[in-house]
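Here are a few exercises to work through with the model open beside you. Try each task before you read its solution.

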Amino acid sequence: MRQNICLSKQFYLVKVGIVFIGWCLNSYFMHGQNVGINTDGSSPDASAILDLKASDRGLLIPRVSLTNVNNPSPVSPPVATGLLVYNTNPSVTGGSGTGFYYWNGSQWIRLDNSNGDWRLTGNAGTSPASNFLGTTDAQPLVIRTNNTERMRVATTGNVGIGISNPTERLTIAGNIGIQASVGSFVGTLDNYRLELRVNNQPTLVLNAPGSGMINPDWSIHRGGGDQRGLHAVDLQSARSSSSQVASGQYSVIVGGQNNTVNNIYGAILGGYQNSVSTMYSVVAGGNQNSISGAAGLGYSFIGGGNGNSVTHNIAVVVGGSGNQANNGAAFIGGGSGNIANGHTTVICGGIGNQANGNWSVVGGGQTNRAEGIYSTVSGGAANHAVGAYSAIAGGYYLRVGDRSFGFSGQTAITETNLTSFSNIAAFVDVDLWLYNRDNTARQLRFYVPTTNNLGAANYTAFRAATSQSANIIYTLPSSLTPSSSVASGVLQSDASGNLSWVSPTALVGVNSWSISGNSGTNPTSNFLGTIDNQPLIIRTFNIERMRISSSGNVGIGVSTPIAPLHVGVTARFDDNVTLGDAPSDQLSINAGTVTLPNIPTGLTTDAILLRDPGTNSVRLMGPTAFISAHAWSLTGNTVSGINFIGTNNAQPLRFRTDGTDRMIITETGFVGINDNSPNERLIVGGNIGLRSGNPTFVGTLDNQRLELRVANQPSLILNQSGTSAPAWSIQRDLAGNTRGLHAIDLQMSRNLPTQVASGDYSVISGGDCNRASGSYSTTSGGRLNSANADYTVVCGGRNNTVNGEYSCIVGGHSNSTNAAYVMIYGENVQVTSPETHRVYFFGDGVNFNPSGFLVINRLDGDYPIHVGTNASNGNGAYLSAGGVWTNASSRLKKERFLKLNESEILEKIKSLPVEGWYYKGTNEFHIGPYAEDFYEHFGTGDLDNLQSRSYLASSDVAGVGLLGIKALANKVDMYEQKLKELQAYQEKVKELQERIRELENLLKTLNK
């Protein structure tokens, strides 16, 4: 039976009560009963073995002086685990001063959280030397929420968040978020670099700052490689050589791979294996582009492309492939294989063009040359402006000399060389039209010589008739030899080309061979033949029978004789024939016996009778000489198209040096260099080096594309030539739709197959998911941008679309235009078709797209349009947010103040014409004065600039208006004063009139 014992007040009185309480407690602890001590007689709680209850007293725990938390003293062992005492020794070793301690089986643990425990609301008066949160044994500190481990401080000191085995000083499994505030940062607090790593590999390294020019102070880089330059930024992480880094001071490499900048303020924006070694120079991207030059040179630019180079200062290559700007201020707009060797030269594009003369220009085309100083080739192919100040407008295969102009419409590939002439204008294989639109016949005019350089007063001219019923064509003689005649005379020319008419009768017998023969001829001067580089042809029945070429070869039955006598038909000899002069040189045929000339005598070995295939002659040759003539000599051979080195059976051809295979050509045609088992048309086991030459190239010789591969994956594809897409185009991968004719597509990632440079001559410089579908359209980079119309440009940004021709989006986000001739930069700018020829900046001001400010001639802008800071650049005029143009008008900005006569101003206003009018070509109606009249009346505007008299400032019009109003106001004041005086006068008059009436009434009364 369980018993409850309740002790009331009388048991608290004396020691007897205390003894009794001890006896009761001892008795009922032993029997499992609970004890209650209180003043209200209530039963103890069933769950407590001892239930103490009081409203004005507490429980006093035994007070002992502990000496060491690891020693139970002064409590005598054994000490029960959980024994509670109050330590009175503030200097207890290993403890935290006075307070409650309990024995945990091996040491005293303090309970009093006022000094030793960390409160939920925080602690005060702590000392970091003795107060800490953590463990004192070799165990980690684990922090949990919802009973799940969130953070761990390992025994090594490494901290893990979301991970139980941190391997670094701080290891986080998950994202890191920082709530932005002033002074928030992630970084080091000492002079050591900060590394951002992925997969424990350095991905971004921010180097420590320094006080001097010691590299790599303040630089930022990715990956390994050599030391970066002071304040350099190098964001590429892959390189083939440790020197491929941004080592120049303040240099930048934005991305890409294997790029190198080793001079001050140089920059590479991306791409592969580009290099900049001159100061202040930039390569925007592309592949294997380089800017180099002597020390101190720089300020050059390459926009992108492949294999372009700049070797001098202030030179530019916009893009293309294999272009070279080799002199100062040279410019190449694009194309392929162009070379600008002259100073301040320009090549706009094309293929294989050269501008070698200083200040020369090549507009485009193929293999054109501007060689002379100030020379120009506008286009075409294979044209050479060799002379100084020469120009070729275009065409094909033309060469001109000094101060000459030309155009060739020829189709033959044989060059027309006119460099022996100067100061000419040559038009080859074209009709020269002098056209008119004003119904006036035009002239081809030749001025006679004069003693000055201003031209003579007299001239000779050819002009078409004023009217004629049909076309007339005059064909000039083909040479200076007279060959045509008319009824009344013959047009004759002397050796200098001077024309004259002579009588046909006078010419016959003197200058012609008569059908019946001539007499009195002189074989020195009279002959049948030509005096120019033309053959003599003899015909019968109007068919050529014999020709004597300009070189003297005679052909019978053949039009191109290649020997002094070349018979192209059967020749018959009815008698013996002997050919040759001396008997030793004669070939004779006599009664079927053939005698050969020059047969060697006294031969001691056999000889071989050979036919020379070049001359069809027969000769003897010794066997040794024959082998030397028909085998491959160590010193080289003169060969023909039938000679070759190789095998005639299914065996490879091997080439060796020092007894080792160096090259093999398999029986299937595969070539291996330093590779004995090639499985492609050419396999090279090592590097390929091309020594500079003309021409030096790597590419295909047939109409197939050229792929440049890395790890057997296409990295750059140069498509084959032709006239339809994708001919001449350059792309990075084979994915996506067909590229356009001459297109360049350097992006390699897309969501849709249509996201390619599909327009003819279109360009995508980089980025991903971009599109250039218009002809001559360009998307420089960014993502999800589209240049869909002809001649359009998207420079970068995201989700920008150009559908209007000749329009440009500089960058930003979600902009578009369907209108032509529009430029946009900003966010969510949408331009419709009618809004052509406009420039848009920034956003539309709604939907979280902020409106921007246009700031001109100042560094701060506080209004939609804000201009200048002083009297020379706009004085701070601005367009207000409400749309009102506001000029500067403070006294502080003005000088030379003048007082104006208001009355004169008012008179001038009265005479100033003010009418309604329309601006020309518009339906825009206005009312106002004319600038010229305003200037004549008031003299406003820039007095040093006559052109300013055609314009009006609104502030001047307002100022004149205010002066007029003031003058009117002053007149009104004056008139009001006079009116008051008049009204006072009228009052006096009324008063006098009243007195007169009173006098009159008085007189009437007196008269009665």
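**Exercise 1. The chain as a whole**

Work out how many helices and strands the protein chain has, and what share of the residues is buried.

Solution. Start with the secondary structure: this is a predicted model, and its protein chain comes to six helices and 76 strands. Next, take burial, where the cut-off is under 20% relative accessible area. Of the 1008 residues in the protein chain, 25% are buried. Then turn to the surface: the chain exposes about 66000 Å², and carbon and sulfur atoms supply 54% of that area. Finally, look at the contacts with a separation of 6 or more: residues 24 or more positions apart account for 6% of them.

**Exercise 2. A four-stranded sheet**

Find the strand order of the open sheet that runs from β71 to β74, and pick out the edge strands.

Solution. Step one is the order, which reads β71-β72-β73-β74, with mixed pairing. Step two is the edges: β71 (854–856) and β74 (885–886) each pair on one side only. Step three goes inside the sheet, to β72 (residues 865–867) and β73 (residues 878–879). These two strands pair in the antiparallel sense over two bridges. To place the pair by eye, look for His-866, which stands opposite Tyr-878 in β73.

**Exercise 3. Two helices that cross**

At what angle do the axes of α4 and α6 cross, and which residues make the contact?

Solution. First locate the helices: α4 covers residues 902–911 and α6 covers residues 954–1007. Their axes come within 8 Å and cross at roughly 115°. Now classify that angle: the range from 65 to 115 degrees counts as roughly perpendicular, so α4 and α6 are roughly perpendicular to each other. On the α4 side, the contact is made by Glu-902, Ile-905, Leu-906 and Ile-909. On the α6 side, the residues include Val-960, Leu-963, Gly-964, Ala-967 and Leu-968, along with Lys-966, Asn-970 and Lys-971. As for handedness, the crossing of α4 and α6 is left-handed.

**Exercise 4. Backbone oddities in loops**

Where do the cis peptide bonds at Pro-74 and Pro-78 sit, and what are their omega values?

Solution. Take Pro-74 to begin with: the peptide bond from Ser-73 to Pro-74 is cis, with omega near 15°. Pro-74 is in the loop between β4 (63–64) and β5 (84–87). Moving along, Pro-77 and Pro-78 are joined by a cis peptide bond with omega of about 0°. Pro-78 also lies in the loop between β4 and β5.

Now do the same for phi: which loops hold Asn-423 and Leu-784?

Solution. Asn-423 isn't a glycine, yet its phi is positive, near 60°. Asn-423 lies in the loop between β37 (416–418) and β38 (425–428). Leu-784 isn't a glycine either, and its phi is positive at about 55°. Look for Leu-784 in the loop between β62 (778–779) and β63 (786–787).

**Exercise 5. The surroundings of Arg-771**

Is Arg-771 buried, partly exposed or exposed?

Solution. Begin with its place, which is strand β61 (residues 771–772). Arg-771 has a relative accessible area of 22%, and is therefore partly exposed. Next, list its contacts, leaving aside neighbours within four places in sequence: among them are Leu-752, Thr-754, Val-756, Ile-764, Thr-779, Ser-786 and Asn-788. Last, check one distance: the C-alpha atoms of Arg-771 and Asn-788 are separated by 7.3 Å, with the two residues 17 apart along the chain.

How values were computed
Residues are numbered from 1 along each chain as its sequence is written. This is a predicted model: local features need pLDDT of at least 70, side-chain atom pairs count only at pLDDT 80 or more; totals for chains, interfaces and linings use all residues. Side-chain values use heavy atoms; hydrogens and water are left out. Two strands pair if DSSP finds at least two bridges between them. Buried means under 20% relative accessible area, exposed over 50%, partly exposed in between (1.4 Å probe, protein chains only). Contact means heavy atoms within 4.5 Å. Accessible areas come from the Shrake-Rupley method with a 1.4 Å probe; for residues, only the protein chains shown count as cover. Axes are lines fitted to C-alpha atoms, for helices over the stretch in contact, and angles run from 0 to 180 degrees between N-to-C directions. Angles under 35 degrees count as roughly parallel, over 145 as roughly antiparallel, 65 to 115 as roughly perpendicular and the rest as oblique. A crossing is left-handed if the near helix is turned anticlockwise from the far one by less than a right angle, and right-handed if clockwise.
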